[in-house]
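Trainee: Could you take me closely through one part of this model, the metal site, and then through the parts of the fold that go with it? I would like a connected account rather than a list.

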Amino acid sequence: MTQSPRILQTIESHILDLQKLHPSASGDFTGLLNDITFAAKIVSREVTKAGLVDILGATGESNVQGEVVQKLDDYANAVFLKCLGTRGQVCIMGSEELADPIFNDAGPGSHNYIVIFDPLDGSSNIDANVSVGTIFGIWKRRSLLNKVGPTDLLQPGRQLVASGYVIYGSSTMFVYTAGHGVHGFTLDPSIGEFLLSHEHITTPFVGGIYSVNEGNEPKWTPEVRETVRQLKYGRDSAKGKGGKTSRYIGSLVADFHRNLLYGGVFLYPPTADKPGGKLRLMCEAAPLALVAENAGGYASDGHGPILDVVPDQLHMRVPLYIGSRDDVLWIEKMLGDKR
Ligand code: AHG
Ligand code: MN
Ligand code: MN
């Protein structure tokens with residue numbers, strides 16, 4: 001159960017406490033995390049007043065994903081690109097909105113981090129004032145003797161040093177893990193600070209919610225259809241009880257965050273038109289999988305841990321089943337291990 005905070009603490013001081021756990025730390029990681037929280041504050045300011053300024057609606061272009069780019073997608077992308085690694089911490093940046101990663105490497109010894117992010121998740125919901133978010137993952141460079149390359153970029157989630165998300169909702173929250181638990185901070189706009197509000201978030205092993213776009217049912221495999229049926233009606237197994245309740249917002253960050261706190265499972269199965277799944281491994285599934293596992297949950301691609309999937313390209317898509325550990329493990333069993 002998530003603990004209410006013992007002390008009044010800003011995210012900057014929380015990150016500094018983290019640095020003390022690593023005596024040899026240079027402060028680069030601390031600076032990078034603070035750059036991300038700074039960008040989140042700027043995006044939050046725009047999202048909360050989006051209806052008042054000309055930043056809603058579509059740009060009329062589509063991105064590398066083939067999706068219509070919303071103005072706020074573009075804005076958030078520009079803010080994170082501008083704020084990240086301003087003091088030489090980042091050698092590669094990858095964004096859901098950009099076809100190619102941005103390399104900025106001065107060689108070994110500096111620029112030690114790779115950041116992959118989804119600047120604005122849940123774009124289709126922006127104009128309806130529904131919660132949207134940002135998702136990020138931070139990896140360390142592997143090339144210690146020469147300039148960075150594809151092996152530094154295409155790392156599995158298991159190699160993440162930190163990840164998290166921002167949810168721009170009724171309040172703006174910043175949730176992250178660096179391997180020492182999952183912690184949530186709520187933005188107090190009157191002082192411009194993220195304050196610790198959810199210390200050591202843990203998620204129930206079994207939840208009462210399932211989240212899936214039921215409109216895709218005609219495009220699912222029979223195994224997925226049967227799995228969702230049992231989530232709805234209750235498992236046929238002897239210990240099964242009644243089914244779960246359905247909640248689906250259509251913004252991954254919002255669906256994930258609610259299920260993390262309350263207990264539940266989010267599913268984005270493969271469909272006939274998206275056999276590899278819709279969601280992106282590096283900027284959505286893997287960062288959230290690290291958060292889920294550090295909160296006692298689990299994330300699977302239907303066969304095994306999301307965190308062990310090695311990306312073959314920056315925008316690789318995966319099926320995603322994520323949330324309460326026992327629910328996801330049961331789904332994995334239902335879908336069978338057809339490796
Ligand atoms: P993004 O806005 O970054 O493209 O992400 C949208 C994703 C995710 O947020 C959400 O869970 C999913 O798309 C919803 O997809 P459907 O509308 O197909 O259900
Ligand atoms: Mn997204
Ligand atoms: Mn996005």
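Mentor: A residue counts here as coordinating a metal when one of its N, O or S atoms lies within 2.8 Å of the metal, and water is not among the atoms, so sites may look incomplete. Please keep in mind throughout that this is a predicted model.

With that cut-off in hand, the manganese ion (ligand 2) and the manganese ion (ligand 3) are 3.7 Å apart, and D118 coordinates both. Taking the manganese ion (ligand 2) by itself, its coordinating residues are D118 (OD), D121 (OD) and E284 (OE), at 1.9 to 2.1 Å. Along the chain these donors follow the spacing D-x2-D-x162-E. Distant parts of the chain are thereby linked, since D121 belongs to strand β5 while E284 belongs to helix α7 (residues 281–294), 163 residues apart. Are these two residues, D121 and E284, buried or exposed? Both D121 and E284 are buried.

The helix that carries E284 deserves its own look. Twelve of the 14 residues of α7 are buried, so this helix is largely enclosed by the rest of the structure. The buried residues of α7 include E284 itself, with C283 and A285 on either side of it in the list, and also L281, M282, L288 and V291. After α7 comes G296, with a positive phi near 90 degrees.

A comparable description can be given for helix α6 (residues 252–262), where nine of the eleven residues are buried, so α6 is largely enclosed by the rest of the structure. Among the buried residues of α6 are nonpolar side chains such as L252, V253 and F256, but D255, H257, R258 and N259 are buried in α6 as well. Just after α6, G263 takes a positive phi of about 95 degrees.

One further buried acidic residue is worth following, namely D327, whose place is in helix α8 (residues 325–335). D327 has a relative accessible area of 0%, and because the cut-off for buried is under 20%, D327 counts as buried. The side chain of D327 makes a polar contact with the side chain of K244, at 3.0 Å.

Strand β5, which supplies D121, also brings us to the open space in the model. The largest pocket holds about 400 Å³ of space. Of the 26 residues that line the largest pocket, G122, S123, S124, G250 and K278 are the closest to its centre. At least two lining residues come from each of β2 (68–70), β5 (113–121), β13 (265–268) and β14 (279–280). By class, the lining of the largest pocket divides into eight nonpolar, nine polar and nine charged residues. Both domains take part in the largest pocket, with at least three lining residues from each of domain 1 (11–198) and domain 2 (209–336).

The second largest pocket holds about 320 Å³ of space. It is lined by 16 residues, of which H22, A25, F29, Y113 and K140 are the closest to its centre. Helices α1 (11–20) and α2 (28–48) each supply at least two residues of the lining of the second largest pocket, and the largest share, three residues, comes from α2. The lining of the second largest pocket has six nonpolar, eight polar and two charged residues.

Key. Residues are numbered from 1 along each chain as its sequence is written. Chains are lettered from A and ligands numbered from 1 in the order in which they are written. This is a predicted model: local features need pLDDT of at least 70, side-chain atom pairs count only at pLDDT 80 or more; totals for chains, interfaces and linings use all residues. Side-chain values use heavy atoms; hydrogens and water are left out. On a 1 Å grid over the protein atoms alone, a cavity is a set of points where a 1.4 Å probe fits but cannot get out, and a pocket is an open set with protein on both sides within 12 Å along at least five of seven lines; lining residues have an atom within 4 Å of a point. Grid points are joined across faces, edges and corners, and a volume is the space filled by probe spheres set on the points. Helices (H or I, at least four residues) and strands (E, at least two) are DSSP runs, numbered from the N terminus. Domain bounds come from an automatic or database domain assignment. Donors are N, O and S atoms within 2.8 Å of the metal (3.2 Å for Na, K and Ca); water is not among the atoms, so sites may look incomplete. Buried means under 20% relative accessible area, exposed over 50%, partly exposed in between (1.4 Å probe, protein chains only). A polar contact is a pair of N or O atoms within 3.5 Å; within protein, one must be able to donate a hydrogen and the other to accept it, and residues adjacent in sequence count only if both atoms are side-chain atoms.
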